[in-house]
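This report considers a single protein chain, beginning with its cysteines and proceeding to its fold, cores and charged pairs. The sequence and structure are shown below.

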Amino acid sequence: MKKTTKKPIIIAFVNNKGGSGKTTCCSNIGSSLSIDGKKTLLIDGDMQMNLTISFFDEEQSAVFSSSGKNLFQAVVSRGSLDDCIVSTKYKGLDMIPASYSLDKTFAEAVSDGDTVLSDIFARSEKLKEYDY
């Protein structure tokens with residue numbers, strides 16, 4: 001019998017325009033999925049860290065930003081996302097926080113056909129635990 005590997009369903013909220021509701025949609029849909037019993041992982045990819053701050057106070061968010069537990073560190077170190085996952089206070093809802101360091105350097109690291117994001121996603125063992 002062939003063993004199948006579970007992959008989470010990915011929903012991305014992307015728009016170059018600020019104020020278009022990306023963070024609000026992401027937090028609301030992520031919360032709704034977890035309330036519905038789906039194990040959900042939110043990934044904050046914005047240097048303003050608004051999604052992170054939606055679930056953690058500013059002091060804790062600043063700790064994530066300056067520590068290795070954030071998306072920026074995983075990308076620049078070509079490390080594992082598994083080390084960056086933090087639990088929110090809501091059952092079934094986890095997050096990979098952003099960092100105030102997500103800037104032009106980060107954008108350059110993931111542009112021009114670079115596969116760093118897909119590579120660190122592929123190396124993750126914990127992502128298989130999530131429905132979304």
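## Cysteines

In this predicted model, the cysteine sulfur closest to that of C26 belongs to C25, at 8.7 Å. Because a disulfide requires the two sulfur atoms to lie within 2.5 Å, this separation is too far for a bond. The count for the model is zero disulfides.

Two cysteines are nevertheless covered by the chain. C26 is buried, with a relative accessible area of 12%, and C84 is likewise buried, at 2%. Each belongs to a nonpolar core: C84 to the largest one, and C26 to a second, separate one.

## Overall fold

The protein chain contains six helices and three strands, arranged along the sequence as α-β-α-α-α-β-β-α-α. Of contacts between residues at least 6 apart in sequence, 69% join residues at least 24 apart.

Of the 132 residues in the chain, 33% are buried. The accessible surface amounts to about 8100 Å², and carbon and sulfur atoms account for 52% of that area.

## Nonpolar cores

In soluble globular proteins, nonpolar side chains tend to be buried together. The largest nonpolar core here has twelve residues: L41, L71, A74, V75, L81, C84, I85, I96, V116, I120, L127 and Y130. Helices α4 (71-76) and α6 (116-123) each contribute at least two residues to this core, and the largest share, three residues, comes from α4.

What does L81 contact beyond its neighbours within four places in sequence? The partners of L81 are L71, A74, I96, I120, F121 and L127. A second, separate core comprises nine residues, among them C26, F56, F64 and M95.

## Salt bridges

Two salt bridges are counted in the model. One joins K39 to D94, with 3.4 Å between the closest N and O atoms. This pair connects distant parts of the chain, as its members are 55 residues apart: K39 lies in the loop between α1 (22-35) and β1 (40-43), whereas D94 lies in strand β3 (residues 93-96). The two residues fall into separate accessibility classes: K39 is partly exposed, at 28% relative accessible area, while D94 is buried, at 9%.

The other salt bridge is formed by the side chains of K128 and E125, with an N to O distance of 3.3 Å. K128 is partly exposed, its relative accessible area being 34%.

Conventions. Residues are numbered from 1 along each chain as its sequence is written. This is a predicted model: local features need pLDDT of at least 70, side-chain atom pairs count only at pLDDT 80 or more; totals for chains, interfaces and linings use all residues. Side-chain values use heavy atoms; hydrogens and water are left out. Helices (H or I, at least four residues) and strands (E, at least two) are DSSP runs, numbered from the N terminus. Buried means under 20% relative accessible area, exposed over 50%, partly exposed in between (1.4 Å probe, protein chains only). Contact means heavy atoms within 4.5 Å. Accessible areas come from the Shrake-Rupley method with a 1.4 Å probe; for residues, only the protein chains shown count as cover. A nonpolar core is a set of buried Ala, Val, Leu, Ile, Met, Phe, Trp, Tyr and Cys residues joined through side-chain atoms within 4.5 Å. A salt bridge is a side-chain nitrogen of Lys or Arg within 4 Å of a carboxyl oxygen of Asp or Glu.
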